[in-house]
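Grab a pencil and work through a few short exercises on the model below. Try each task before you read its solution.

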Amino acid sequence: MSAQHINDETFQRLQQRAALAGCSVNELLLHFLDDTPSPAKPSDIPYQLLVEHTTDAISLFDLDLRYLYANPIIGELTGIDPTMMIGKTDHELGMPEDKVNFWKSEWQTVIQTCQEKIIIFDFTTPQGVRFYESRLTPILGDDGAVQFLAAITRDITERKRTEDMLRDITNRLPGMILSYRLMPDGQDEVTFVSEGINAIYEISVEEAYADIGKVWMKVYPDDLEKFGESIRESAKNLTLWGYQWRIRMNDGSTKWVEGRGIPRRLEDGSTLWNTLLLDITDRKTLVQQQEELIDQLQLAIGTGQLGIWSLDLKSGRVDWNAQIHEIYGIAPEDHTHTIDTFIARVHPEDLASAQMRMEEASTAGRVFGVNFRIIRPNGEVRYLSASASAQFDDTGHLTKLMGIDIDVTDIRQGELKLQQTNEMMQSIIEHIPVLIALFDENGRFRFVNRHWLDQLGWTVDEIEREADPLTLFYPDPDYRQQVLDYMLSAKPGWRDFQTYAKDGQILEMTWANVRLSDGKSIGIGQNITERKQAEQVGLEKERLLASLEIEKEHSATVHHIVAKIAHDLKTPLSVIELSREILITYFDRIDETQRRERLETIGKQIQYMSDLLNDLALIKGNVLEARSLQLAPTNLTVMCQITLQALQESIGVRHKLTFINDQMMDLILVDDVLINRILLNLLSNAIKYSQADTEITVSLRFTKAWILLQVSDQGMGIAPEHLLHIFDLFYRINTVKEIEGTGLGLSIVKDCVERHNGRISVESTLGYGTTFKIELPLIVAAVQAVVG
Ligand code: ADP
């Protein structure tokens, strides 16, 4: 069937429908379908020609979707001769299945609704895939039912590509594109929106199209009214629209959005804006921060702390704010507004470096912490801390330098004072004869002063190398723990600890702790070894003095008794002598009774003398032998000193008593009472048997095993024949009869020496002097630990 076979009736109906629909192409088509010229249309229009030569594809179908007509373009698109298509369906023509089904279903809608429909589809032509837009038109019969179907199909490939590209571009643009239409009655709608709406509004494109209310909902309630006003204003006067508003994000945060658009009035009185919306949150925060910064800066400037200057490099003009005038002590009217005013005030020593830093600002753009001094016109020196920044023009040329000067004199002076105090403290700490150690909360040493190092002998390296330096000073673990506990307790007061020096010497130390606010502690120590020794010596002295006193009394008593007995012996002896004289001289002149009386007198006196001698033996026994040897730790040096001193005091300047003792010896075990007895007897002899003003020397030495004690005088000496006897009890050399004595002293000395398992010897030169030498075995007393 060809188009020419469509009868007039059909044509007329088509023509009527076309006229009703007002569609020119349909008219053309209908006209073309009928050979008879339409009375309603100019007969000279070559419709067929137009249809045959139009660029649109035109086809006509019956209700079974069989081709009634297809123009040459259809042939080009499908590659099928249009005349061959007549009476056939797309399916029969071998069109792709999916397209056939698609068209079929679209046509059905048209048939059912009797409404025109525009469809868009792609189609693979001999020239490749192209996009088409088809207008599907129902052509109705007189009964109002659909009689034919007409399709006018246009190649929209280029348009579609442009559209796609545009869409792509809009979607890639920062922010979002929104076409917004406001109707005169206040209704509004989104006519276009790019995908940027996802990011900005957290709304999908579809949601926005479907319900503009969703877009409005996102706007901050506070901003809504003014936002609406800005739109109405733009609509009213068709002025450029621009506004910034906040929207609420799903996570509760706030976003700042800026919109701009040009309004256009449409025919129906509505207004359309094509707008660009941008997320300006970052910019806004930055601005806010800047504003805050400016506020702070203003505040700082306002409180008079900041001096601000600027140097315009083109004109060379310098401007200062009020504060900087104050800092420099220069009145505004005295400012030359050149850099010279500044240069004239900078301290000569700081000028070069200050200028160098300015240069730095010119190149680096910015400098901070430039410190220099200025001298005010009144001579006062101020310390300034400055910073500067440079401004450059578009071509990168330096145009302006700006800077801030802060007067830091007070701070600087405070620093200086602090520094001085620190230096002073440091020098005190370094030179004070006190041990100072800083240690942390774990007992680790952080610092020790010079005296600490001097006294204990360890180097800083050695302490630092040691995991637990306390082991060096306190080898005993229990004792060390006591020390550590004390260190960390930071109790007030002093406590004594025996501390090991590097050379092995045990130092008597007293320590105090001070807890610092940061948890560290300072240990302050004093070496009290000497004090302790002095204390010990003092105690020893007291003890020895007491024993000396007792011994002196004891010895005096002994000598007194012995002297008394000796004296008492003289009377009976003289009575005996007298009786003997009488008996011899008058033996014959006296009678028997008288002779007997004399003999009895002699007998009585002998008995009396015997009694006296018995008493003497008793005294010797009691005094000399009754006391057992009592060894006690004694400082022999101190003891000799005390005894000599006591004697010197009692004898005055008659003799010079000298003590020689080169070696110090700690405590040794002796019976100090007996030693005192030895010293007293030997010294009193030396005094008795030598001239006044001569020297008496006591020397004390120690060998590994012996104590050597010597007493020498420059007196009369002892003849060799007496030397063997002088230690005998009551032995006195007859040349000394006029010198008081009992002959008891040396025997007591010998006895005391022997009790110590010692030896005594004497060397003497008659007329030159005598030396008694005593050797006693040396027993060192064990050191007593003194723990504070
Ligand atoms: P006393 O001194 O009481 O006579 P001693 O036993 O102390 O008794 O001394 C015995 C004697 O030894 C003395 O009488 C004296 O002659 C002699 N003698 C002792 N010491 C000295 C001395 N330092 N120089 C000279 N003679 C001494």
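**Exercise 1: the strands around S19**

In this predicted model, S19 and strand S20 (residues 521-527) form an antiparallel pair held by seven bridges. Your task: work out which strand S18 pairs with, and how buried or exposed S19 is.

*Solution.*
- Step 1. Start on the S20 side, where Met509 sits opposite Asn527 of S20.
- Step 2. Look at the turn. The hairpin of S19 and S20 has five residues between the strands, and Gly519 there adopts a positive phi near 95°.
- Step 3. Now go to strand S18 (residues 495-500), which pairs with S19, again in the antiparallel sense, over six bridges. Here Arg495 faces Trp511 of S19.
- Step 4. Check this turn too: the S18 and S19 hairpin has five residues between the strands, with Gly504 at a positive phi near 90°.
- Step 5. Count cover on S19 (residues 506-515), taking buried as under 20% relative accessible area. Seven of its ten residues are buried, so the strand is largely enclosed by the rest of the structure.

**Exercise 2: a covered helix**

Find out how many residues of helix H26 are buried, and which ones they are.

*Solution.*
- Step 1. Helix H26 covers residues 745-755, and eight of its eleven residues are buried, which leaves the helix mostly covered.
- Step 2. Name them: Gly745, Leu746, Ser747, Ile748, Val749, Cys752, Val753 and Arg755.
- Step 3. Step past the end of the helix. Asn757 follows H26 and has a positive phi, near 60°.

**Exercise 3: the whole protein**

Decide whether the protein is a compact globule or more spread out, and why.

*Solution.*
- Step 1. Take stock of the elements: the protein has 26 helices and 27 strands.
- Step 2. Compare radii. The radius of gyration is 68 Å, while the globule rule gives 28 Å for 788 residues; the protein's value is well over that, so the protein is more spread out than a compact globule.
- Step 3. Set the axes beside that: the C-alpha trace spans about 230 × 80 × 45 Å along its principal axes.
- Step 4. Look at burial and contacts. Of the 788 residues, 41% count as buried. Among contacts with a separation of 6 or more, 51% come from residues 24 or more positions apart.
- Step 5. Turn to the surface. About 44700 Å² is exposed, with carbon and sulfur atoms supplying 54% of it.
- Step 6. Finish with charge: there are 78 positive and 117 negative side chains, and the centres of the two sets are 8 Å apart.

Note on methods. Residues numbered from 1 in each chain as written. Predicted model: local features only at pLDDT ≥ 70, side-chain atom pairs only at ≥ 80, totals over all residues. Heavy atoms only, no water. Helix = DSSP H or I, 4+ residues; strand = E, 2+ residues; numbered from the N terminus. Rg over C-alpha atoms; globule rule 2.2 N^0.38 Å. Buried < 20%, exposed > 50% of the residue type's maximum accessible area, 1.4 Å probe, protein only. Contact = heavy atoms within 4.5 Å. Areas by Shrake-Rupley, 256 points an atom, 1.4 Å probe, with all protein chains shown as cover. Lys, Arg positive; Asp, Glu negative; His and termini not counted. Charge placed at Lys NZ, Arg CZ, Asp CG, Glu CD. Pairing = 2+ DSSP bridges.
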